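Colleague: Please take one part of this model, the surroundings of the ligand, and go through it closely, together with the strands and helices that frame it. I would prefer one connected account to a list.

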Amino acid sequence: MGAILRLEQINKAFGGLTAVANFGLELSEREIRGIIGPNGAGKTTIFNLISGVYHPDSGRIYFAGTDITAHAADAIARAGIARTFQNIRLFAQMSVMDNIRMAFHSRTGYHFWDSLIHSGRFRRAEERIRRESLEYLDRFGLADRGRELARNLSYGEQRRLEIARALATNPRVLLLDEPAAGMNPKEVEDLIQFIRNVHRDFPLAILLIEHQMPVVMELCGLIQVIDFGQTIAEGDPATVTNHPLVIRAYLGEEEATA
Ligand SMILES: Nc1ncnc2c1ncn2[C@@H]1O[C@H](COP(=O)(O)OP(=O)(O)OP(=O)(O)O)[C@@H](O)[C@H]1O
């Protein structure tokens, strides 16, 4: 299968600090790939570069064969790259249902004037969004939470809602930034199963940043390990965990924080 996402020779510095150096990545369609590395290694910056929050100083990013290096974040999202965040980002004061509806709105074709005059087109779109939102919530085990404010959901439910919302934009690539952060082992187990189901049910590739090793070990065929913005190892879970540079990168971090 071809690459859906390709990063070539990416460099990004903030002032004098090199966050990402000569970084490359090729994500195949339907793949689930992990990115791991010590704190500050550049993982989230890579997601910010892919999703257009930042632009690389040099290098190129291709999505489905199109060069998106200079594209704006909203254009990249509309093209089919969705993401979640290390710290969950939901519309906390809005209902679960409205969080999903907002995402559906971003891909409907009606305009401001349609909503003002409540045209037939607007009503049809609204009805379709309402129906799709309900079906969606059901698929994610959140149907009975639709009227609840997002902030009242449990942590695990909020994470599921955030992923569900990302999926509502119909992405071909889903970027998950530490989805298991702050979860206990039972929640982690549930999340692994949840991501597995998402991958089974949606035609997409997933790129996953995670510190919780069971998540990457169980979900990812290939893991890319980065340190100081560079790939230091790449391979299946068993290979990378035994790789001397990986062991050194993690031990080095522990020594540094001891
Ligand atoms: N907007 C920014 N301005 C200045 N420095 C930044 C910015 N964003 C990231 N950095 C720096 O770039 C480096 C990489 O940060 P990044 O957040 O990508 O690491 P990370 O691997 O995601 O870390 P963690 O696992 O702790 O989330 C860090 O030294 C960070 O302080």
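Modeller: Two strands are taken here to pair if DSSP finds at least two bridges between them, and the model to which I apply this is a predicted one. Strand 9 (residues 222-227) and strand 10 meet that condition, being joined by five bridges and running antiparallel; within this pair, Ile223 has Gly235 of strand 10 as its bridge partner. I come back to these strands after the ligand itself.

The shell around the ligand consists of 15 residues, of which Gly40, Lys43, Thr44, Thr45 and Tyr54 are the closest. Sorted by class, the shell holds seven polar, six nonpolar and two charged residues. Which element gives the largest share of the shell? That is helix 1, with three residues, and both strand 2 (17-28) and helix 1 (43-50) supply at least two residues each.

Among the polar approaches to the ligand, one comes from the backbone, where a polar atom of Gly40 is 2.8 Å from a ligand oxygen. Two others come from side chains: a polar side-chain atom of Tyr54 lies 2.8 Å from a nitrogen atom of the ligand, and an N or O atom in the side chain of His211 is 2.9 Å from an oxygen atom of the ligand. On its own, the ligand has 630 Å² of accessible area, and the protein covers 65% of this.

The framework can be followed outward from helix 1, beginning with the sheet that includes strand 2. This is an open sheet of four strands in the order 2-1-4-5, with antiparallel pairing, and its edge strands, strand 2 and strand 5, each pair on one side only. Helix 1 packs on this sheet, where it touches strand 1, strand 2 and strand 4, and its direction makes about 115° with that of strand 1. Inside the sheet, strand 1 (residues 3-14) runs antiparallel to strand 4 (residues 58-63) and is joined to it by five bridges, with Leu5 standing opposite Phe63 of strand 4. Strand 4 also pairs with strand 5 (residues 66-67), again in the antiparallel sense, over two bridges, and there Tyr62 has Asp67 of strand 5 as its bridge partner. The hairpin of strand 4 and strand 5 has two residues between the strands, and in this hairpin Ala64 takes a positive phi near 50°.

A further open sheet, the one that holds strand 9 and strand 10, has six strands in the order 6-7-8-3-9-10, with mixed pairing. Why is one side of strand 6 (81-83) and of strand 10 (230-235) left without a neighbour in the sheet? Both stand at the edges and have a single partner strand each, so one side of each remains unpaired there. From one strand to the next, the twist averages 20°. Helix 1 reaches this sheet as well, lying across strand 3 (32-36), strand 6, strand 7 (173-177), strand 8 (205-209) and strand 9, and running at about 145° to strand 8. Helix 6 (residues 155-167) lies across strand 6 and strand 7, and its direction is at about 155° to strand 7.

Terms used:
Residues numbered from 1 in each chain as written. Predicted model: local features only at pLDDT ≥ 70, side-chain atom pairs only at ≥ 80, totals over all residues. Heavy atoms only, no water. Near = heavy atom within 4 Å. Polar contact = N/O pair within 3.5 Å; in protein donor to acceptor, adjacent residues only side chain to side chain. Areas by Shrake-Rupley, 256 points an atom, 1.4 Å probe, with all protein chains shown as cover. Nonpolar A, V, L, I, M, F, W, Y, C, P; charged D, E, K, R; others polar. Axes fitted to C-alpha atoms, helices over the stretch in contact; angles between N-to-C directions. Contact = heavy atoms within 4.5 Å.
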